[in-house]
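Work through the exercises below with the sequence and the model side by side. Try each task before reading its solution.

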Amino acid sequence: MLQYRYWAKAKPGGEGAQCHLLPYHSLDVAAVGWLLLAPERPLTQLLAARLDLSPETLRRLFVFLLGLHDIGKFSRAFQGLASPEGVSLVPALERYAYTARHDQLGAVLWQAHWLEWLRDDTLQWPGDIPPRRERHQLSETLRVLLAPMFGHHGQPVEAGNSEVRAFFGHDGVADDIEAARQFVNDWAAFMPPSWPVEKLVSEAWCDTLRALSWTIAGWATLSDWLGSNRDHFAYCQDEMPLGDYWPMALERAQQALQESGFAQPPEPVAYAGLSSWFDGKSITPTPLQREAETLPIGDGPQLFILEDVTGAGKTEAACILAQRLLAAGHGEGLYFALPTMATSNAMYERLGNLHQRFYAEVSRPSFVLAHGARELNDTFVKAVAAEQPGDQDYAADDMTATTRCNRWLADSRKKSLLADVGVGTIDQALMGLLPFRHQTLRLYGLARKVLIVDEVHAYDHYMQTLLSQLLAHHARQGGSAILLTATLPRGMREELATAWSQGLGQGLASLQADKFPLLTQVGPEGQREVPLATRPEVTREVGIDWLTTEDQALDTVMSAVEAGECVAWVRNTVDDAIRAYEQLCQRHPDPERCLLFHSRFAMADRQRIESSVIERLGKPSTAGQRQGQVLISTQVFQESLDCDVDHMVSDLAPIDLLIQRAGRLQRHERGVRRTPEVSILAPEWCETPDAQWLKRVLPGTQAVYRDTSLLWLTQRVLRELGAIRMPDEARALIESVYGKVADLVPDDLQEARWEQRGMQGVAVSMANFNALDLAQGYLRHPEFDQWQEEQEIGTRLIDEPTVNVVLLKHTPDDELSLWAEDERHADMLSQVKLRQSQAQKLAELPCAFQSQWETLQERYKALRFTQPWLIEADTVCAYDAQWGLRFASKTTDN
C-alpha cells in the first residue's frame, strides 16, 4: 500500500506534526460531491436529463472522476514540499522541482497514461477499447470530463507540453506513477464508474457536456472547498482500505454540508395566493400579478419579460412566478439581480422574510445580500450574526446550522450565489461570464436558481451584451429567468428573447406585440405575448412645462416653496447640482430645508443624507416635514430612494430617465395636490439645431449624454404629446427615441449620433472579447489564455478607470485619522469613488504623514489599493459633509 504514503495536506515540523494521506483527502472531497449529487436533487436530475444518463449513473461517474482531482499530488515534486517529522512518507527527490502546480500535474499524468489505464483495466473500462477512428473523440470527451476535476482551484488547467517524467519520479522506495495507478485502480474497484461508452465517442454528447462543464466545475470546486475544511475532515495518517474509510468520509461530509447549508435543498411549496404571503390578509392581485398566477408553466427553461408601469406590482409578480417555477421543479432557489448597490439594499429590505413563504417551514433557506459594500448594510450584518429559529435549544456559545450557513456564505462574495436566496447587483451574476478565478462557483450557484433581473432597461450596450450571454447560458443549463422593466425598447426585448431562444437551440425570437403593459414568455414550446390591463390607480398623466434658463428653474423651485410644496430638481452633473444648491440656499427662507445629494460624498455622509431624504420626503413623511423642502440631486435620487415630491424640475435627459424621474413625482397618496407636472430645463426648441444646440444651455449635460440626438428626439416627442401618459403612450414615448428614427435626426446631430453608435459597437465587441466562450466548455486554451485577476476587467465598461479615495483629517494631537473615525467600518465609510482624472486633482499626502498612512493601511484591509487625501492639506479642492467634494476645475461626474 505504498500509494497511501503520499500526503495531500500536512502540518510539518516538531511536536504535533501531522499529515493527511492523499487517498483519504481524495475520498473526503469525493464524499462531499457524492452527497451534493444525490439522485433526488433537482440539479442532479437536470444534469442527468441533459446528458441522457440516469441520476445514479451520472453520480457514480462524476464522483469517481472527482476522486482523481488531486492525482497530481503523487508527483515527487509536490511531495518534496513538506516532510513532517515522525510521519513515514515517500522521501523527497531533490532533482524534482515543483515548477507546475499539482492541479496541472494531474492533467499531465492523465494525458500520459489514460489510454494505458483503460487497456490494463485500471479504470474498469467495460469491453474493448474503441477503434482508432473513435479514439480521438473518446480522448476529447475524457478531456472535457476531467477538466472540471483538475481545474478545482478556480480556473482550468492544461497538460500542455509538460513531460510526465519531469515531475513524477521513482527510487528504491516508490514509483510515483505506479502509486497513482494503484490508487486509481483501488478507487475504480470501490467506485465503479459505469462508463457510458457509446456517449463518450459521440461528438454531440461531448458538445452538450461542454456547455454543462462550467456547472460541473463549480460542483467540483465547492466539493474541494468543503472537503478540505479541517474542522470537519481531521488529518488521517493511519493506513486502511478505501472501503473502511469511505463511511467515515461520508459522515464527516454530511456534517460539513449541514453546517454550510448544503445538506439538502430547501423544500418548495405550491403558490397559494397573495394572502398566503401576508397571513391571510385579503389582497386583490393586479392584472400583471393575476396573469403570473394563472399562466401555464411549461416544461423546460422558461423566460418571462414583465413590462409594466411603476406601481403595477412587478416585484410581487416576479415572486409569484418564482414560487411557481420552484414548485414545478425549475430551480432550488432564486437570485434577484439589480443595477446598483442602493437598489439591491432596498430589494433586500423589501423581500424581508417573504422568501421563506416559498418553502416549507422546516427548510429555513439561506438568504444573502451580494455586493461589494454589503458589510455596511446593518440588516444583513444582523441577519448573519442574529439568533436563528431554534437557537433556544443550544448553549449560549453554540450556533445553529442556519447561523453557520449564513456566516459561511457571507465570508466571501465568491460564495454569495450559492445561497438558496440571494439579492445583489447584476455584477455578481455577470462575473460568472468573465475569466476570474472561481467564476464557476457563481455559475454553479445560478444553475440552481430562478434568475430575476430588475430594471433591465438600465444597462448599457456592454452590460446588455453580457446579460444576453448569461441568459443564453442559463437556458442551456436548464434554468429559468424573469426580467422586469418599465421602459424597455422593443429592439432590446427582441435581443434578450433571441439570446434565450438560441440558448435553447432554437432560432431568432420573433416578437410582434407593441402593446404596453406586456408579458412575454419564451420556452421550448414557443413564445407568448400577453397584453395586460392596468389598474386605474397607476394610470398617470404628468404634464410638461418647458424652461430655458437656470434662472427660470430657480424661480420655479422657489414658487413651489412659497406655495408650501416640496420640490426636487434633478440635475445631470454634480457640479451643476452644487451650483444650484448654493443659489437656492441663498434664496430659501429656511436653508436648513435644502438638501444636496450626489455621488461625490464619502459613504458615511451619503448614508446620512439618504436617511435624511427618506425622513423628509419618504412615504411616512408628514406634511410638516415636507413643507418647503427642496432636494437638489443627481440621478442617484431616481435610482434608489422610495420618495416623492409635489413638483419636480429636471434637466433635459433621455426619455427613459425622464419617465423614471417622473415616477418620483406624487407617487404616494397625500390628499389634494396640484396637477402633477415636470418642469424641464432645455434649450429653446429648434427643428434644425446645430451641433452646439445643447451645450449652450447645458454644457455639462452634453458631456454626459454625448449622443445629443437622443435628447433632441426626447424633446420632440414630449412637445408633440404634451405629457407623459402611462401606460397608454409608454411604447410611443420609448420607440420615438430608441426605435427606427434615424431619418428624423437633424443633419448637424448626425455626427454625434454615429460617433455614439460606433462607441456602442466597441462596447459590444469588448464584451464579446472579455467574456468566456461558455459553449466551448471549461477548458484552457494555451493559444488564447483569457484568465486574469479580477481587477483587470470588469462587468461595466467605463470611459476611464475609477479610484477609491480615502478622506483623512487631523486629530487635535496632529494624528492622521479617517473621516468617519468613530463609525463601524470607518475604512469603507470614509471613501468616495472618483474618476482617475478627478483623483489626480487632489493634493498628495504630505510626506510627514506617510508612516501614519501605512499604519492605517495595516489596520484596515479596505484601505489597500486606495488613494489617501488629507482634506486640510489641499489648498485647491475642498470637502465638507454638506457640499461633498468640490474641485477647482469643472467636472461632469454624475
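## Exercise 1: an open sheet

8 strands make up an open sheet with mixed pairing, in the order β5-β6-β4-β7-β8-β3-β9-β10. This is a predicted model, in which local features need pLDDT of at least 70 and side-chain atom pairs count only at pLDDT 80 or more, while totals for chains, interfaces and linings use all residues. Residues are numbered from 1 along each chain as its sequence is written, and side-chain values use heavy atoms, with hydrogens and water left out.

**Task.** Find the edge strands of this sheet and its average twist, then examine the link between β7 and β8.

**Solution.**
1. Fix the terms. Helices (H or I, at least four residues) and strands (E, at least two) are DSSP runs, numbered from the N terminus. Two strands pair if DSSP finds at least two bridges between them.
2. Look for strands that pair on one side only: these are the edges, β5 (367-370) and β10 (526-531).
3. Take the twist: from one strand to the next it averages 10 degrees. Axes are lines fitted to C-alpha atoms, for helices over the stretch in contact, and angles run from 0 to 180 degrees between N-to-C directions.
4. Turn to β7 (residues 449-453) and β8 (residues 480-485). They run parallel and are joined by 4 bridges. Ile452 has Ile482 in β8 as its bridge partner.

## Exercise 2: another sheet and its helices

**Task.** Describe the sheet that contains β11, then place α20 and α25 against it.

**Solution.**
1. Read the order: β13-β14-β12-β15-β16-β11-β17, an open sheet of 7 strands with mixed pairing.
2. Mark the edges: β13 (594-597) and β17 (723-726) each pair on one side only. The twist averages 20 degrees from one strand to the next.
3. Follow one pairing. Strands β11 (residues 540-547) and β16 (residues 677-681) run parallel, joined by 5 bridges. Opposite Asp545 stands Ser679 in β16.
4. Add helix α20 (residues 550-562). It packs on the sheet and touches β11, β12 (567-570), β14 (630-633), β15 (647-651) and β16. Its direction makes about 160 degrees with that of β12. Contact means heavy atoms within 4.5 Å.
5. Add helix α25 (residues 655-662). It lies across β11, β12, β15, β16 and β17, at about 160 degrees to β15.
6. Check how covered α25 is: 8 of its 8 residues are buried. Buried means under 20% relative accessible area, exposed over 50%, partly exposed in between (1.4 Å probe, protein chains only).

## Exercise 3: nonpolar cores

**Task.** Which residues have the most contacts inside the largest nonpolar core?

**Solution.**
1. Define the set: buried Ala, Val, Leu, Ile, Met, Phe, Trp, Tyr and Cys residues joined through side-chain atoms within 4.5 Å.
2. Read the result. The largest such core has 104 residues, and Phe64, Leu68, Trp187 and Trp219 have the most contacts inside it.
3. Find the main contributor: helix α1 (residues 22-36) gives the largest share, 10 residues.
4. Look apart from this core for another, of 89 residues. Among them are Cys566, Leu595, Phe601 and Cys877.
5. Zoom in on Leu68. Beyond its neighbours within four places in sequence, Leu68 is in contact with Trp110, Leu146, Phe150, Phe183, Val184 and Trp187.

## Exercise 4: a loop residue

**Task.** Is Phe74 buried or exposed?

**Solution.**
1. Locate Phe74: the loop between α3 (55-66) and α4 (76-79).
2. Check its accessibility. Phe74 counts as buried because its relative accessibility is 1%.
3. List its contacts, not counting residues up to four places away in sequence. Including Leu22, Phe168 and Phe183, they also take in Gln3 and Tyr6.
4. Compare chain and space for Leu22: the C-alpha atoms of Phe74 and Leu22 are separated by 8.0 Å, with their positions 52 residues apart along the chain.## Exercise 5: aromatic pairs

**Task.** How are the rings of Tyr24 and Tyr245 arranged?

**Solution.**
1. Apply the cut-offs. Rings of Phe, Tyr and Trp (its six-membered ring) pair if their centres lie within 6.5 Å; planes under 30 degrees apart count as stacked, over 60 as edge-to-face and the rest as tilted.
2. Classify the pair: the centres are 4.7 Å apart and the planes at 40 degrees, so it is tilted.
3. Place the rings: Tyr24 is in helix α1 and Tyr245 in helix α10 (residues 242-260), 221 residues apart.
4. Repeat for Trp34 and Trp246. Their centres are 6.2 Å apart and their planes at 85 degrees, so this pair is edge-to-face.
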